[in-house]
Amino acid sequence: MNYIAHLNKVLNLFVKDLNLNPTHISLYMALFREWNSNRFSQKFKVQRNLIMNAAKIGSNSTYHRCINDLHNSRYIIYNPSKNPHRGTEIQMARFQLCTAPQTVLPSPRDVLDMGPYSSNNVPVTIYKHINEEEGRPFNELEVIKFFKERGQIPAQGLKFFRYYESNRWMTSKKELIKDWKSLAATWILNESRKGNGKNPHYFKDHLQTTKFKNYDEPL
């Protein structure tokens with residue numbers, strides 16, 4: 001999928017769609033960002049609080065109203081989950097740029113394309129550009145995952161992300177950060193030292209073990 005052609009098409013549709021307001025567009029772009037980080041997969045999961053933060057939406061009712069509006073207008077397919085641990089499932093409509101000139105823009109219902117995802121059709125993405133060239137994480141979820149893998153609670157990863165996001169991912173010397181993972185590892189170490197070697201943000205995953213056990217043997 002050509003994401004540039006997709007964005008050009010959907011932004012043109014937004015201009016013509018009088019039912020949308022800036023909050024709808026902000027929410028759509030936050031969802032597009034997550035879609036991009038998931039390599040434009042056919043379906044992906046999102047967490048409401050992270051999407052609200054990315055879209056700068058402060059009200060749950062506003063979020064639900066806007067995401068349902070996008071669903072009803074067929075910009076997305078919204079499949080909410082009643083289980084808070086599973087997350088909401090989103091499926092984005094694929095808008096392809098037509099080569100022939102058009103005098104009237106088609107309805108989102110007419111251009112909804114949910115074909116099977118193929119990684120061969122994905123160009124060099126924004127995600128790859130940001131991570132390889134700018135040395136910064138794509139979003140909060142990537143940082144939270146990095147911190148959890150190192151025994152930290154999600155709040156610590158979010159704190160790290162928001163701190164450097166507010167500083168535009170620059171060092172105290174106003175130099176662009178080239179390796180955010182190395183910086184995050186140093187952050188974790190410093191937080192641990194503040195607690196005299198006992199990191200208050202550390203949690204132990206009891207499902208992980210370094211001991212080998214032969215499960216073929218009876219108890």
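1. In this predicted model, the side chains of strand β2 alternate between two faces. Ile-76 and Tyr-78 point to one face and are buried, whereas Ile-77 and Asn-79 point to the other and are not. Strand β2 runs antiparallel to β3, and four bridges join the two. Within this pairing, Tyr-78 stands opposite Ile-90 of β3.

2. Ile-76 and Ile-90 also belong to the largest nonpolar core, which has 30 residues. Both are listed among the residues with the most contacts inside that core, together with Leu-27, Tyr-28, Leu-31, Tyr-75 and Met-92. At least two core residues are supplied by each of α1 (3-16), α2, β1, α3, α4, β2 (76-79) and β3 (88-92). Helix α2 provides the largest share, six residues.

3. Leu-31 illustrates how these elements meet. With residues up to four places away in sequence left out, Leu-31 touches Phe-44, Val-46, Ile-51, Leu-70, Ile-76, Ile-90 and Met-92. Apart from the core described above lies another, of 12 residues, which includes Phe-147, Phe-160, Phe-161 and Ile-188.

4. Helix α3 spans residues 48-55, and its buried residues are Leu-50, Ile-51, Met-52 and Ala-55. These buried residues pack against α2 (22-37), β1 (44-46), α4 (60-72), α6 (140-148) and α7 (154-166). One of them, Ile-51, is a contact of Leu-31; another, Leu-50, is in contact with Glu-140.

5. Glu-140, a residue of helix α6, deserves a separate remark. Glu-140 is buried yet has no salt bridge. Why does the nearest side chain of opposite charge, Arg-33, not provide one? Arg-33 is 4.1 Å away, and a salt bridge requires a side-chain nitrogen of Lys or Arg within 4 Å of a carboxyl oxygen, so the pair is not counted. Arg-33 is nevertheless among the contacts of Glu-140, which also include Asn-53, Leu-158 and Phe-161 when neighbours within four places in sequence are set aside.

6. Two residues other than glycine may be noted for their backbone angles. Lys-56, just after α3, takes a positive phi of about 60°; this residue is found in the loop between α3 and α4. Lys-174 has a phi near 65°, likewise positive, and is found in the loop between α7 and α8 (180-194). Are these two lysines buried or exposed? Lys-56 is exposed, with a relative accessible area of 69%, and Lys-174 is exposed as well, at 63%.

7. The count of aromatic pairs comes to 18. Tyr-163 and Tyr-164 form one of edge-to-face type, with 4.8 Å from centre to centre and 85° between the planes. The two partners fall into separate accessibility classes: Tyr-163 counts as partly exposed because its relative accessibility is 43%, while Tyr-164 counts as buried because its value is 13%.

8. Both tyrosines take part in a cluster linked by ring pairs. The other members are Phe-146, Phe-147, Phe-160, Phe-161, Trp-169, Trp-180 and Trp-187. Phe-147, Phe-160 and Phe-161 from this cluster are also among the residues of the 12-residue core. Phe-161 is in addition a contact of Glu-140.

Definitions and conventions: Residues numbered from 1 in each chain as written. Predicted model: local features only at pLDDT ≥ 70, side-chain atom pairs only at ≥ 80, totals over all residues. Heavy atoms only, no water. Buried < 20%, exposed > 50% of the residue type's maximum accessible area, 1.4 Å probe, protein only. Contact = heavy atoms within 4.5 Å. Lys, Arg positive; Asp, Glu negative; His and termini not counted. Core = buried A, V, L, I, M, F, W, Y, C linked by side-chain atoms within 4.5 Å. Pairing = 2+ DSSP bridges. Phe/Tyr/Trp six-rings, centres within 6.5 Å; stacked < 30°, edge-to-face > 60°.
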